[in-house]
Amino acid sequence: MTLAAGTGMRQGEVLGLTRDRLRLLGKTDFGPLKTEASYRTIPLPRFVIKALNEHSAEFDVEDGELVFK
């Protein structure tokens, strides 16, 4: 999976990711997490941003929905 390989995210982080937690329009990081204790910024390489944009468009992923259903 491009997201996990490109960011080093753990499986649970990838599978629990919702669209509203992503900033893909020229930004290279994720939005804030649910608590301050779990906050971390994960840089997104351009090829990951491209893959996520294509996936979101193909599967019509909207804010609040899981990115990978």
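What follows is a walk through the fold, core, charges and chain contacts of this predicted model. Residues are numbered from 1 along each chain as its sequence is written, and side-chain values use heavy atoms, with hydrogens and water left out. As the model is predicted, local features need pLDDT of at least 70 and side-chain atom pairs count only at pLDDT 80 or more, while totals for chains, interfaces and linings use all residues.

Starting with the overall layout, the protein chain has three helices and zero strands, so read along the sequence its pattern is simply α-α-α (helices are DSSP runs of H or I with at least four residues, strands are E runs of at least two, and both are numbered from the N terminus). Of the 69 residues in the protein chain, 32% count as buried. Here buried means under 20% relative accessible area, exposed means over 50%, and partly exposed is in between, with a 1.4 Å probe and protein chains only. The areas themselves come from the Shrake-Rupley method with a 1.4 Å probe, and for residues only the protein chains shown count as cover.

Next comes the inside. The largest nonpolar core has 12 residues: Leu-3, Met-9, Val-14, Leu-17, Leu-22, Ile-42, Leu-44, Val-48, Ile-49, Leu-52, Val-67 and Phe-68. Helix H3 gives the most to this core, with three residues. A nonpolar core, for the record, is a set of buried Ala, Val, Leu, Ile, Met, Phe, Trp, Tyr and Cys residues joined through side-chain atoms within 4.5 Å. In soluble globular proteins, nonpolar side chains tend to be buried together.

Helix H3 spans 46-58 and turns up again in several places. His-55 is found in this helix and counts as buried, at 19% relative accessibility. The C-alpha atoms of His-55 and the core residue Phe-68 are separated by 8.9 Å, with their positions 13 residues apart along the chain. Arg-46 also has its place in H3, but Arg-46 is exposed, with a relative accessible area of 57%. Its C-alpha is 9.4 Å from that of Gly-6, the two being 40 residues apart along the chain.

On to the charges. The structure holds two salt bridges, each being a side-chain nitrogen of Lys or Arg within 4 Å of a carboxyl oxygen of Asp or Glu. In one of them, the side chains of Glu-13 and Arg-10 meet at 3.0 Å, N to O. Glu-13 is partly exposed at 22% relative accessibility, whereas Arg-10 is exposed at 54%. Glu-54 and Lys-50 form a salt bridge too, with the closest N and O atoms 3.2 Å apart. These partners are four residues apart in helix H3, so about one helical turn separates Glu-54 from Lys-50. Glu-54 counts as partly exposed at 45% relative accessibility, and Lys-50 counts as exposed at 53%.

There is also a negative surface patch, formed by Asp-20, Asp-60, Glu-62 and Asp-63. Patches are built from residues with over 30% relative accessible area and no salt bridge; like charges are joined within 9 Å, and nonpolar side chains (Val, Leu, Ile, Met, Phe, Trp, Tyr) within 5 Å. Lys and Arg count as positive and Asp and Glu as negative, with His and the chain ends not counted. The place of a charge is taken as NZ of Lys, CZ of Arg, CG of Asp or CD of Glu.

Several patch members sit in the segment after H3, among them Asp-60, Glu-62 and Asp-63. Asp-63 is exposed, with a relative accessible area of 58%, and Asp-60 is exposed at 52%. Glu-62 is partly exposed, at 46%. Two of these residues also pair up with positions far back in the sequence: Glu-62 and Asp-20 are 42 residues apart in sequence and 7.7 Å apart in space, C-alpha to C-alpha. For Asp-63 and Thr-18, the corresponding values are 45 residues in sequence and 7.0 Å in space.

Asp-60 has a backbone quirk as well. Its phi is positive, at about 50°, although Asp-60 is not a glycine. Most residues other than glycine have a negative phi.
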